[in-house]
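Dear colleague,

I am passing on the structure we spoke about, with the sequence alongside. Please look through it first; my notes follow below.

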Amino acid sequence: MLIVFLGAPGAGKGTQARTLAEKKNLTHLATGDLLRAEVAAGSDLGLAAKTFMDRGDLVPDDVMIRMIQGRLDSPESAGILLDGFPRTVAQAQALDDALSAEGAGVDRSIYFEVSEEELVRRLAGRSTCPGCQRAYHDTFNPPKSAEECDGCGTKLIEREDDKPEAVRNRLKVYGTQTTPVLEYYKSAGILVEVDGEQSIVAVQTDLAAAVV
Ligand code: AP5
Ligand code: MG
């Protein structure tokens with residue numbers, strides 16, 4: 001099974017992906033998390049990607065396509081949940097090409113619909129664990145202890161790209177470069193829309209019904 005999560009920055013992709021991946025025994029592949037791990041490790045890829053990420057631009061397609069190829073096998077799980085990839089039509093086509101070479105394809109693409117006002121509210125109040133990448137929110141999803149990750153105890157941080165200027169650019173980039181991917185999957189007849197504006201638990205319920 002291969003599922004793609006689509007949605008604007010702050011739509012709740014990572015939050016929902018964690019729960020769904022656990023419930024359905026899927027491998028959660030989040031390209032933003034993979035890139036942040038490269039940045040933290042100080043690798044050449046991380047250094048090159050950081051400039052794009054900090055200002056809220058997309059990392060070039062060829063880098064991202066290379067990153068995802070070779071990770072599409074999931075021998076130890078029931079399938080793959082892609083969170084943050086593809087975000088351009090070129091990436092979506094490259095994904096289809098890689099999968100069709102294996103006689104496979106994307107099974108479902110889930111689009112989390114959330115208003116811009118709510119996205120800004122979510123990103124402004126988010127704190128993130130640099131260890132396991134879990135996201136929290138001051139109001140909507142606070143950690144048990146004010147500054148530490150519930151899962152691994154690491155001190156929470158604010159992502160560099162959650163600063164207001166980067167958020168503005170990320171939303172703009174999403175509108176121009178990623179929204180055409182919705183049409184790509186809609187034409188393929190595999191796009192499912194979920195109302196991402198609801199509470200975390202309500203979205204979880206809708207998602208469970210969409211991915212059977
Ligand atoms: P990435 O890390 O993928 O960031 P993003 O797509 O901008 O999405 P976010 O992680 O910010 O949001 P999310 O939808 O996961 O929301 P979350 O669950 O955290 O990418 C970062 C950067 O890497 C990109 O800008 C780009 O530079 C690069 N990159 C990555 N992939 C790439 C690719 N394929 N091509 C090129 N470049 C790439 O939730 C947000 C907040 O809301 C949290 O505080 C959470 O607690 C809260 N929340 C979640 N759900 C709800 C709810 N239902 N109600 C209330 N609050 C909620
Ligand atoms: Mg995320």
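I begin with T178, whose contacts, leaving aside residues up to four places away in sequence, are R87 and V173. The model is a predicted one, and what I say here should be read with that in mind. T178 is part of helix α7, and with a relative accessible area of 7% it is buried, since the limit for buried is under 20%. The side chain of T178 also reaches the backbone oxygen of R87, at a distance of 2.8 Å.

R87 leads on to the ligand. Around ligand 1 there are 36 residues, of which T15, D57, R87, R126 and R170 come nearest. While the backbone oxygen of R87 is reached by the side chain of T178, a polar side-chain atom of R87 lies 2.7 Å from an oxygen atom of ligand 1. Two further contacts with the ligand involve backbone atoms: a backbone N or O atom of D57 lies 2.6 Å from an oxygen atom of ligand 1, and a polar backbone atom of K13 is 2.9 Å from an oxygen atom of ligand 1.

Helix α7 is also one partner in a helix pair. How do helix α5 and helix α7 pack, in terms of angle and distance? Helix α5 (residues 89–100) and helix α7 (residues 164–187) pack with their axes 8 Å apart and at an angle of about 40 degrees, and the two are therefore oblique to each other. On the α5 side the contact is made by V89, A92, Q93, L95 and D96, which meet P180, V181, Y184 and Y185 of α7. By character, the residues of this contact divide into seven nonpolar, one polar and one charged.

Two other helices are described by their buried residues. In helix α2 (residues 31–41), the buried residues are T31, G32, D33, L35 and R36, and what covers them includes β2 (26–30), α3 (44–55), α4 (61–68) and β3 (79–83). In α4, the buried residues are V63, M64, I65, M67 and I68, and these pack against β2, α2, α3, β3 and α5. R66, also in helix α4, counts as exposed, because its relative accessibility is 57% and exposed means over 50%. R66 and A94 are 28 residues apart in sequence, and their C-alpha atoms are 9.7 Å apart in space.

Each of these two helices is followed by a glycine with positive phi: G42 comes after α2, with phi near 70 degrees, and G70 comes just after α4, with phi of about 90 degrees.

Positive phi is also found at residues other than glycine. N25 has a positive phi of about 55 degrees although it is not a glycine; N25 sits in the loop between α1 and β2 and is partly exposed, with a relative accessible area of 43%. Q133 likewise has a positive phi, near 70 degrees, and is found in the loop between β5 (126–128) and β6, but Q133 is buried, at a relative accessible area of 15%. A further backbone feature to check is the cis peptide bond that joins F85 and P86, with omega of about 0 degrees; P86 is found in the loop between β3 and α5.

Two more residues complete these notes. Is Q16 buried or exposed? Q16, which is found in helix α1 (residues 13–24), counts as buried at 4% relative accessibility, and, not counting residues up to four places away in sequence, Q16 touches F5, F112, I200, V203, Q204 and L207. N141 lies in the loop between β6 (135–137) and α7 and counts as partly exposed at 26% relative accessibility. With the same exclusion of sequence neighbours, the contacts of N141 are A135, Y136 and I200, and the side chain of N141 reaches the backbone oxygen of A135 at 3.4 Å. I200 is thus among the residues touched by Q16 and among those touched by N141. N141 and V212, by contrast, are 71 residues apart in sequence and 26 Å apart in space, C-alpha to C-alpha.

With best regards

Key: Residues are numbered from 1 along each chain as its sequence is written. Chains are lettered from A and ligands numbered from 1 in the order in which they are written. This is a predicted model: local features need pLDDT of at least 70, side-chain atom pairs count only at pLDDT 80 or more; totals for chains, interfaces and linings use all residues. Side-chain values use heavy atoms; hydrogens and water are left out. Helices (H or I, at least four residues) and strands (E, at least two) are DSSP runs, numbered from the N terminus. Buried means under 20% relative accessible area, exposed over 50%, partly exposed in between (1.4 Å probe, protein chains only). Contact means heavy atoms within 4.5 Å. Axes are lines fitted to C-alpha atoms, for helices over the stretch in contact, and angles run from 0 to 180 degrees between N-to-C directions. Angles under 35 degrees count as roughly parallel, over 145 as roughly antiparallel, 65 to 115 as roughly perpendicular and the rest as oblique. Ala, Val, Leu, Ile, Met, Phe, Trp, Tyr, Cys and Pro count as nonpolar, Asp, Glu, Lys and Arg as charged, and the others, Gly among them, as polar. A residue is near a molecule or strand if one of its heavy atoms lies within 4 Å of it. A polar contact is a pair of N or O atoms within 3.5 Å; within protein, one must be able to donate a hydrogen and the other to accept it, and residues adjacent in sequence count only if both atoms are side-chain atoms.
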